[in-house]
Amino acid sequence: MNIHRFQNTQELNEAGAGIIAGLVQLQPRVVLGLATGGTPVGIYEELVKAYRKGRISFKGVTSFNLDEYVGLPEGHPESYRSYMNHHLFNHVDLPPAQAHIPNANAADPAAECLNYDRLLDEAKQIDLQILGLGHNGHIGFNEPDHSLVSGTHLVELKPATREANARFFNSPDEVPTHALTMGVGTILKAKTILLVVRGADKAEIVHQALTGPITTELPASLLQTHPHLVVLLDAEAGRYFE
Ligand code: PGA
């Protein structure tokens, strides 16, 4: 496990984008696992800047997003498809056919999950999986539970997750109750995992996840088993690490 702490968000964002951009330069046909939420916004901003300066191209990149809300109409501004379009896809040359996000409005969600896993299998392996961390220790939308699911599946979001994400919606009631998410099996199969955590409100959970017991009740603790885990923390999130 390789833990880096940064004095401020800008330094963290530049470091995160630097790792991704470097990989895209080294390996133009790289497979990226992408995350949404507040955490990676600044990293995507830095990637767009690098693209505009001509330093990187996404033409050969394939991407798989971790998750998508169920029940938001197509084009809803808070869908993760809209988020990715807004923060990254609309600004770079990643061919749309190569940018995968689970279709959470599929008529048959179980078939869509199998289809997403088939696409992941065809891509062989995610080279770099970007992850944020939920306040309850979730990764993707793999919520704390007595057991976890390996592949892509339908989940019911925990009240704490819906509360945390209510800041993006007009009212808490508008936050979807369900989502499709990649499973922990797929996440752990990635060649390298880049976990990014910011803020004092996540200091305790990230410390517990990376140094405490491995348990499905704290899904991010499973990351301790991964041979290539890179963790980027800002000073506040990293305050229990010395
Ligand atoms: P956040 O979400 O980046 O908006 O804090 C992280 C997560 O829930 O995985």
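**View 1. The annotated domain, residues 14–226, in a predicted model.** The C-alpha atoms at the two ends of residues 14–226 are 24 Å apart. Helix makes up 32% of this span and strand 15%. In UniProt, an unreviewed entry gives residues 14–226 the feature "domain: Glucosamine/galactosamine-6-phosphate isomerase".

**View 2. The residues annotated as "active site".** The unreviewed UniProt entry places this feature at D67, N136, H138 and E143. Of these residues, D67, N136 and H138 are included in the lining of the largest pocket. D67 is located in strand 4, which covers residues 67–69.

**View 3. The ligand in the largest pocket.** The ligand takes up the space of the largest pocket. Around the ligand are G37, G38, T39, G132, L133, G134, H138, R167 and K202. By residue class, this shell has one nonpolar, six polar and two charged members.

**View 4. Polar contacts of the ligand with G38, H138 and K202.** At G38, a polar backbone atom lies 2.8 Å from an oxygen atom of the ligand. At H138, an N or O atom of the side chain is 2.6 Å from a ligand oxygen atom. H138 is also one of the residues that the UniProt record lists under "active site". At K202, a polar side-chain atom is 2.6 Å from an oxygen atom of the ligand. The ligand on its own exposes 280 Å², and the protein buries 87% of that area.

Technical notes: Residues are numbered from 1 along each chain as its sequence is written. This is a predicted model: local features need pLDDT of at least 70, side-chain atom pairs count only at pLDDT 80 or more; totals for chains, interfaces and linings use all residues. Side-chain values use heavy atoms; hydrogens and water are left out. A residue is near a molecule or strand if one of its heavy atoms lies within 4 Å of it. A polar contact is a pair of N or O atoms within 3.5 Å; within protein, one must be able to donate a hydrogen and the other to accept it, and residues adjacent in sequence count only if both atoms are side-chain atoms. Accessible areas come from the Shrake-Rupley method with a 1.4 Å probe; for residues, only the protein chains shown count as cover. On a 1 Å grid over the protein atoms alone, a cavity is a set of points where a 1.4 Å probe fits but cannot get out, and a pocket is an open set with protein on both sides within 12 Å along at least five of seven lines; lining residues have an atom within 4 Å of a point. A molecule sits in a cavity or pocket if more than half of its atoms lie within 2 Å of its grid points. Ala, Val, Leu, Ile, Met, Phe, Trp, Tyr, Cys and Pro count as nonpolar, Asp, Glu, Lys and Arg as charged, and the others, Gly among them, as polar. UniProt positions are given in the numbering used here, feature names are shortened, and annotations may be inferred rather than shown by experiment. Helices (H or I, at least four residues) and strands (E, at least two) are DSSP runs, numbered from the N terminus.
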